[in-house]
Amino acid sequence: MQQTLDFSNVPSSVRQFGIYLDGEMKPSQSGKFTVRYSPAHDCPVTEIACAGIDDVDLAVASARKSFDNKVWSGKSGAERAGVLLKAAALIRERQSEIAYWETLETGKPISQTNGEVSGCADMFEYASGLSRTINGESYNNLGEQLFGVVTREPVGVVGLITPWNFPFLILCERVPYILAAGCTIVAKPSEYTSATTLILAEILTSAGLPNGVMNVVTGTGPVVGQALCENRNVDMISFTGSTAVGKNVICASGETNFKKLGLELGGKNPQSVFSDANLHDAADGVAFGMCFNTGQCCVSGSRLLVERDVMGKFTELLKEKLGKVIVGDPLNPSTQMGAITTDAQNTTILSYIEKGEAEGAVMSFGCGEIKTKNGQFVGPVVFENVHPSMSIFRDEIFGPVISVTPFDTAEEAIMLANDTDYGLSASVWSKNVD
Ligand code: NDP
């Protein structure tokens, strides 16, 4: 830990949020709230409404009604574009506020959340253009008496289930496009990081989105998320999260109305470094790939494959870079790695560090847990002598832990890279394009 925590910036009182229904923040049916603590500062920051199945039913009914009434899908692309552009402007106006609450709930650095929120405004701007250009196809080659037209129609009500690692970014990678297409939404953020999803719902109403088009239900995954997946009035689920729950979403869809599904699940992503690469650049890239978002990232580069003849030199370079990473108070603008977002994730990461050592890999950099008075922090960890059979090579750890495995030929690198049940991202460091 290279900084002490600054408590002068944490909120003096807890901010309370209801669920978002029909264009308004409202209490849930139970009237109960859960308190979210900052994982970096251990102090309460938000109170989030505990929604139940009744709330899900109300939110879906609202989204269904506003879809069927065509209050949104009936608008022209240009009208939808106007709302999305206004939302982008409001996100930019409220950037510091959104970044602040995102950092408090996730523990990620404030410089990063500011960058993410700005990128989110950009996605609304991009999607506004797309809403004007949604078009289909025409076929005049079917024969003299025939003419075929394919139109693109909104799917309907979309259930949007998002995780805690990029609560605002993952939301905004989806919401503007769903809205550009004319669909309506019931969003269910992770119970740990709901605040910024609710702020976005408020922004959309202020931007002129008709009531009932964007609804948010907050609460636990097994209750609220599951009910959304099982609701027959939902036409599509967009889910980002663990592979285990992804399987559950497929089953729930299959057992009800065969919803359309968009699933973004886990990864165990290889970064392959060849001896002809610029090793300094590659070490920067690999360090960033494993430390970004404290490794709590589906595209985290958690498996390092290095050509054997540069392995020693490269791992030394990597460790030198990792030694400079600033871990600390996420509210400090110079911090590069903040806290681990959830208690469960903290336990998972630490258990994999123990497992790696027990399986015979050598922890050649880092100490794992950083003992602090407040919060939960894990610094970067490098494991060498990692065999592909080890769990630290095979399982998604979702933390700042990298396993190093050597290779001798390009064919072997490809074989090792593909030796995984996951498929998500990969990178290759070489100057040889062939
Ligand atoms: P989950 O899959 O449990 O959570 C993702 C979202 O699904 C959350 O909103 C969660 O709600 C919700 N959810 C949980 N159970 C259900 C259910 N039965 N039906 C519908 N929705 C549900 O991820 P975790 O938080 O447990 O993270 C654990 C692992 O998931 C990580 O270690 C990583 O492997 C992976 N992951 C991948 C991500 C990615 O970006 N691809 C993002 C996050 C996690 P709630 O949080 O309120 O329980």
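**Legends: the interface of domain 1 and domain 2**

**View 1. No salt bridges are found across the interface of domain 1 and domain 2.** The model shown is predicted. In contrast to the zero count for salt bridges, 11 residue pairs, both members at pLDDT 80 or more, are in polar contact between domain 1 and domain 2.

**View 2. Helix 3 and helix 4 on the side of domain 1 that touches domain 2.** Helix 3 spans residues 95-106 and helix 4 spans residues 110-133; each supplies at least two residues to this side of domain 1. The greatest contribution is that of helix 3, with five residues. Sorted by class, the side of domain 1 that touches domain 2 comprises 10 nonpolar, nine polar and six charged residues.

**View 3. The area buried between domain 1 and domain 2.** About 1,800 Å² is buried between the two domains, and carbon and sulfur atoms give 61% of this area.

**View 4. Placement of domain 1 and domain 2 within the protein.** The domain assignment places residues 10-264 in domain 1 and residues 270-429 in domain 2. A distance of 32 Å separates the C-alpha centres of domain 1 and domain 2. The contact draws 25 residues from domain 1 and 26 residues from domain 2.

**View 5. The protein as the setting of the close-up views, with 14 helices and 20 strands.** Along the principal axes, the C-alpha atoms fill a box of roughly 70 × 65 × 40 Å. The radius of gyration of the protein is 23 Å, which agrees with the value near 22 Å for a compact globule, because that value is the one for 434 residues.

How values were computed
Residues are numbered from 1 along each chain as its sequence is written. This is a predicted model: local features need pLDDT of at least 70, side-chain atom pairs count only at pLDDT 80 or more; totals for chains, interfaces and linings use all residues. Side-chain values use heavy atoms; hydrogens and water are left out. Domain bounds come from an automatic or database domain assignment. Contact means heavy atoms within 4.5 Å. Buried area is the accessible area (1.4 Å probe) that two parts lose on being put together, summed over both. A salt bridge is a side-chain nitrogen of Lys or Arg within 4 Å of a carboxyl oxygen of Asp or Glu. A polar contact is a pair of N or O atoms within 3.5 Å; within protein, one must be able to donate a hydrogen and the other to accept it, and residues adjacent in sequence count only if both atoms are side-chain atoms. Helices (H or I, at least four residues) and strands (E, at least two) are DSSP runs, numbered from the N terminus. Ala, Val, Leu, Ile, Met, Phe, Trp, Tyr, Cys and Pro count as nonpolar, Asp, Glu, Lys and Arg as charged, and the others, Gly among them, as polar. The radius of gyration is taken over C-alpha atoms; the globule rule is 2.2 Å times the number of residues to the power 0.38.
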